[in-house]
Structures are given as structure tokens and as C-alpha cells.
Amino acid sequence: AIAAAIYPEGHPHRHLTIGLHEHIQGATLADVEAWYRTWYVPANATLVLAGDIDLGEADALLARYFGSFPASARPVRPDPQLAPPAATAIEVTDRFAALTRIHRAWLGPRAFDPDEPPLDLLTQAWCAVGTGALWRRLVYETQLAQRVSAWTINSRLTGEIHVAVDLRTGSDPAAVRAILDEECARGIYEGAITRAATRREAAAIWGLSGVTR
């Protein structure tokens with residue numbers, strides 16, 4: 001529902017990667033063969049060698065195992081340009097959901113864009129348990145929410161910024177939306193960003209300290 005609201009018809013991110021059921025039903029054998037011959041070619045493959053390797057030996061093995069592959073052309077990847085979507089409010093009813101969720105999403109920068117890392121830190125600082133401005137307002141001070149989370153998604157074509165708030169039973173959604181508006185307008189102070197960066201660096205170092213990877 002979110003993808004349908006922020007991406008126009010025909011954009012690759014409007015639907016899940018596997019496609020819709022009717023797309024699969026409507027595909028012909030010729031369609032599948034054409035897809036395979038376009039995308040599953042050596043020119044569109046990436047080979048990664050890692051570890052303590054000898055480059056000369058690696059080149060010889062590459063020539064042995066892959067040198068006989070027929071030449072192919074790398075397919076042209078689509079790069080649709082997106083105009084900012086109009087503000088849209090949608091309501092999704094889930095009969096299995098126990099809580100009401102308010103979920104906001106915006107288009108963001110692509111992967112490796114200079115704005116990608118700062119926005120990643122911003123979302124982490126915004127909703128950090130115990131210290132994040134949104135977490136404090138909604139979970140601790142007003143106790144309107146049970147959980148607050150924010151994150152970014154970045155791909156080759158585009159990016160997304162998400163904020164999700166799971167309301168406590170009986171909470172007023174309008175009050176939560178008002179606080180979200182206030183915090184979006186207020187921004188985040190520098191100390192919160194510094195703390196988020198420190199946490200991210202510490203997590204990366206901690207992840208390297210184990211002996212299982």
C-alpha cells in the first residue's frame with residue numbers, strides 16, 4: 001500500500017520483486033525465455049573473490065572456468081525519474097492486527113548518495129529507545145505509543161524514509177499525528193546525532209570482535 005502511494009504505475013518499486021499474481025499467470029514461455037536471455041548473461045554477472053589469494057593464480061582459474069563463456073551484452077537498466085508524490089493518506093485494515101499503527105513514508109536519496117548516511121543517523125537518533133526525541137514524546141512522556149521506529153531504505157533507483165508508531169490501546173491517533181508534525185518541524189539537536197554515530201560505530205566494531213565470522 002505504501003509503495004503504491006509513493007511510486008507511479010510502471011516504476012520497478014511499485015510492486016514486490018516477485019510481481020503480482022496476475023503477472024505470473026499472464027507470463028508466457030516466450031516472456032520467461034526473453035527475460036532469462038536478457039538478464040542471466042555473463043555480462044550482467046558479478047564475481048567476488050575474497051581472502052588471501054594469488055592474483056596470477058586467480059586470473060588463470062578465471063580463464064579456465066569462465067573464459068569459454070560466449071560474449072554477451074550487458075542489459076540496459078531502467079532509471080525512471082521520480083517527481084515528488086502528492087501527499088496521500090491511506091487506511092489499511094488488517095484483521096490480524098492487535099494495535100493501530102501510524103506509518104509515514106517519504107521518498108529519499110538513492111544508495112551511496114551523500115545524503116544517505118546523515119538520514120540514516122537521523123532516523124536512528126529520532127527513535128533511539130530512552131533518548132530519541134520521538135521515543136521520549138510518544139512512549140515516555142505522553143504514553144500514547146507502545147513502540148516507535150524509523151529507518152531508511154536505499155536502492156540504485158531511489159530511497160525511502162519511514163517512521164512507524166504503534167499506538168497503545170485507546171490512544172488518540174490525532175494526538176500522535178500532531179506530535180509527529182511538531183517533531184518533524186523541530187528537527188534533532190547535534191548531540192543526538194553524535195550519539196547515534198557513536199552507537200553505529202560501536203556496533204560495527206562489536207560485530208568484528210567475534211570469532212564465528
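The questions and answers below walk through a predicted model, from its sheet to its helices and loops.

Visitor: In what order do the three strands of the open sheet lie?
Guide: The sheet is open, and its pairing is antiparallel. The edge strands are β1 (101-108) and β2 (145-154), each pairing on one side only. From one strand to the next, the twist averages 10 degrees. The order is β1-β3-β2.

Visitor: How many bridges link β1 and β3?
Guide: β3 covers residues 159-167 and pairs with β1 in the antiparallel sense. H103 has A164 of β3 as its bridge partner. R101 stands opposite D166 in β3. The number of bridges between β1 and β3 is eight.

Visitor: How many bridges join β2 to β3?
Guide: These two strands form a hairpin, with four residues between them. W151 has H162 of β3 as its bridge partner, and T152 has I161. The strands run antiparallel, and the bridges joining them number nine.

Visitor: How many residues of β3 are buried?
Guide: In a regular strand, side chains alternate between the two faces of the sheet. From β3, G159, I161, V163, V165 and L167 point one way, and E160, H162, A164 and D166 point the other way. Both sets are buried. The count for β3 is nine of nine residues.

Visitor: Which strands does helix α7 lie across?
Guide: Helix α7 spans residues 173-186. Its direction runs at about 30 degrees to β1. The strands it lies across are β1 and β3.

Visitor: What angle does α5 make with β2?
Guide: Helix α5 (residues 116-127) packs on the sheet. There it touches β2 and β3. Its direction makes an angle with that of β2 of about 175 degrees.

Visitor: Which element gives the most to the largest nonpolar core?
Guide: This core has 18 residues. L134, L138, V148, V163, V165, V176 and L180 have the most contacts inside it. At least two residues come from each of α5, α6 (133-141), β2, β3 and α7. The top contributor, with five residues, is α6.

Visitor: Which residues does L180 contact, leaving aside neighbours within four places in sequence?
Guide: L180 is among the residues with the most contacts inside the largest nonpolar core. V163 and V165, two of its contacts, belong to one of the two sets of β3 residues that point opposite ways. The full list is I102, R104, L134, L138, V163 and V165.

Visitor: Are α6 and α7 roughly parallel or antiparallel?
Guide: Two packed helices are described by the angle between their axes and the distance between the axes. For α6 and α7 the angle is about 160 degrees, and the axes are 10 Å apart. Angles over 145 degrees count as roughly antiparallel. The pair is therefore roughly antiparallel.

Visitor: What is the handedness of the crossing of α6 and α7, and which residues make the contact?
Guide: α6 passes α7 in a right-handed crossing. From α6, the contact uses A133, L134, R137 and L138. From α7, the contact residues are V176, I179, L180, E182, E183 and R186.

Visitor: What is the relative orientation of α5 and α8?
Guide: Helix α8 spans residues 190-208 and packs against α5 at about 100 degrees, with the axes 8 Å apart. Angles from 65 to 115 degrees count as roughly perpendicular. α5 is therefore, with respect to α8, roughly perpendicular.

Visitor: Which residues make the contact between α5 and α8?
Guide: α5 supplies D120, L121, L122, Q124 and A125. From α8 come A192, I193, A196, A197, R199 and R200.

Visitor: Is G51 buried or exposed?
Guide: G51 is found in the loop between α3 (29-39) and α4 (55-66). Its C-alpha atom is 42 Å from that of Y189, 138 residues apart along the chain. The relative accessibility of G51 is 61%. The cut-off for exposed is over 50%, so G51 counts as exposed.

Visitor: Which residues does P42 touch, not counting those up to four places away in sequence?
Guide: P42 is also found in the loop between α3 and α4. With a relative accessible area of 39%, P42 is partly exposed. The C-alpha atoms of P42 and F66 are separated by 8.9 Å, 24 residues apart along the chain. The residues P42 touches are F69, P70 and S72.

Key. Residues are numbered from 1 along each chain as its sequence is written. This is a predicted model: local features need pLDDT of at least 70, side-chain atom pairs count only at pLDDT 80 or more; totals for chains, interfaces and linings use all residues. Side-chain values use heavy atoms; hydrogens and water are left out. Two strands pair if DSSP finds at least two bridges between them. Axes are lines fitted to C-alpha atoms, for helices over the stretch in contact, and angles run from 0 to 180 degrees between N-to-C directions. Contact means heavy atoms within 4.5 Å. A nonpolar core is a set of buried Ala, Val, Leu, Ile, Met, Phe, Trp, Tyr and Cys residues joined through side-chain atoms within 4.5 Å. Buried means under 20% relative accessible area, exposed over 50%, partly exposed in between (1.4 Å probe, protein chains only). Angles under 35 degrees count as roughly parallel, over 145 as roughly antiparallel, 65 to 115 as roughly perpendicular and the rest as oblique. A crossing is left-handed if the near helix is turned anticlockwise from the far one by less than a right angle, and right-handed if clockwise.
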